[in-house]
Amino acid sequence: MGDEMSKRRKFLLLTWIGPNVGVLQRAKMSTDKAIIKDVINNFAVELQAESQSDLDLDLFRDALNRAGGANYGTGIRN
């Protein structure tokens with residue numbers, strides 16, 4: 001992420017929960033995810049996908065760009 005003059009590595013934590021997952025399984029996933037976040041804590045964005053349409057590379061890229069702060073680039077790199 002970043003403009004043409006700077007590149008920053010930004011990581012995204014994505015959790016997938018299918019539409020047919022029950023309430024108890026969702027609750028268990030929530031506690032398991034908290035444990036994972038204690039180990040892997042170097043991410044800029046956390047997203048939760050529940051359908052195929054949520055798995056969109058442009059959506060991920062946009063969320064990471066917003067997490068990166070100001071983006072003043074011109075779009076041209078020499």
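At 58% relative accessibility, does R66 count as buried or exposed? R66 counts as exposed, and the figures below place this residue and several others within a predicted model.

**Figure 1. Overview of the helices and strands in the predicted model.** The protein contains two helices and two strands. Read from the N terminus, the order of these elements is β-α-β-α. Of the 78 residues in the protein, 17% are buried. The protein exposes about 6100 Å², and carbon and sulfur atoms supply 55% of this area. Among the contacts with a separation of 6 or more, 68% are made by residues 24 or more positions apart.

**Figure 2. Close-up of the paired strands β1 and β2.** The two strands pair in the parallel sense, and five bridges join them. Within this pairing, L12 stands opposite V45 in β2. Together with helix α1, strands β1 and β2 make a β-α-β unit, which is right-handed.

**Figure 3. Close-up of T15 in strand β1.** The relative accessibility of T15 is 9%, so this residue counts as buried; the cut-off for a buried residue is under 20%. When neighbours within four places in sequence are left aside, the contacts of T15 are M29, K33, L47, Q48 and A49. One of these residues, K33, is found in helix α1.

**Figure 4. Close-up of K33 in helix α1 and its salt bridge with E46.** At a relative accessibility of 17%, K33 counts as buried. Apart from neighbours within four places in sequence, K33 is in contact with T15, E46 and Q48. With E46, the side chain of K33 also forms a salt bridge, at 2.9 Å from N to O. Because K33 belongs to helix α1 (residues 23-39) and E46 to strand β2, this pair ties together parts that are 13 residues apart in sequence. E46 has a relative accessible area of 32% and is therefore partly exposed.

**Figure 5. Close-up of the salt-bridge network of K33, K37 and E46.** Which residues are linked with E46 in this network of salt bridges? They are K33 and K37. Between E46 and K37, the closest N and O atoms are 2.8 Å apart, whereas the salt bridge between K33 and E46 has an N to O distance of 2.9 Å. K37 is partly exposed, with a relative accessible area of 29%. By contrast, K33 is buried. In the whole structure, a search finds six salt bridges.

**Figure 6. Close-up of the buried side of helix α2.** Helix α2 spans residues 57-67, and its buried residues are F60, A63 and L64. Why do these residues lie on the same side of α2? They cover an arc of only 95° around the axis, and this puts them on the same side of the helix. The cover over the buried residues of α2 includes strands β1 (12-16) and β2 (45-49).

**Figure 7. Close-up of the face of α2 turned away from its buried side.** This face carries the exposed residues D58 and R66. R66 has a relative accessibility of 58% and counts as exposed, in keeping with the cut-off of over 50% for an exposed residue. A salt bridge joins R66 to D62, with the closest N and O atoms 2.4 Å apart. Because R66 and D62 are four residues apart in helix α2, about one helical turn separates them. At 39% relative accessibility, D62 counts as partly exposed.

**Figure 8. Close-up of K10 and G68.** K10 is placed in the segment before β1. With a relative accessibility of 29%, K10 counts as partly exposed. How many residues apart in sequence are K10 and G68? The two are 58 residues apart in sequence, while in space they are 7.7 Å apart from C-alpha to C-alpha.

Methods
Residues are numbered from 1 along each chain as its sequence is written. This is a predicted model: local features need pLDDT of at least 70, side-chain atom pairs count only at pLDDT 80 or more; totals for chains, interfaces and linings use all residues. Side-chain values use heavy atoms; hydrogens and water are left out. Buried means under 20% relative accessible area, exposed over 50%, partly exposed in between (1.4 Å probe, protein chains only). The arc is that of the directions from the helix axis to the C-beta atoms. Contact means heavy atoms within 4.5 Å. A salt bridge is a side-chain nitrogen of Lys or Arg within 4 Å of a carboxyl oxygen of Asp or Glu. Two strands pair if DSSP finds at least two bridges between them. A crossover is right-handed if, with the strands pointing away from the viewer, the path from the first strand over the helix to the second runs clockwise. Accessible areas come from the Shrake-Rupley method with a 1.4 Å probe; for residues, only the protein chains shown count as cover.
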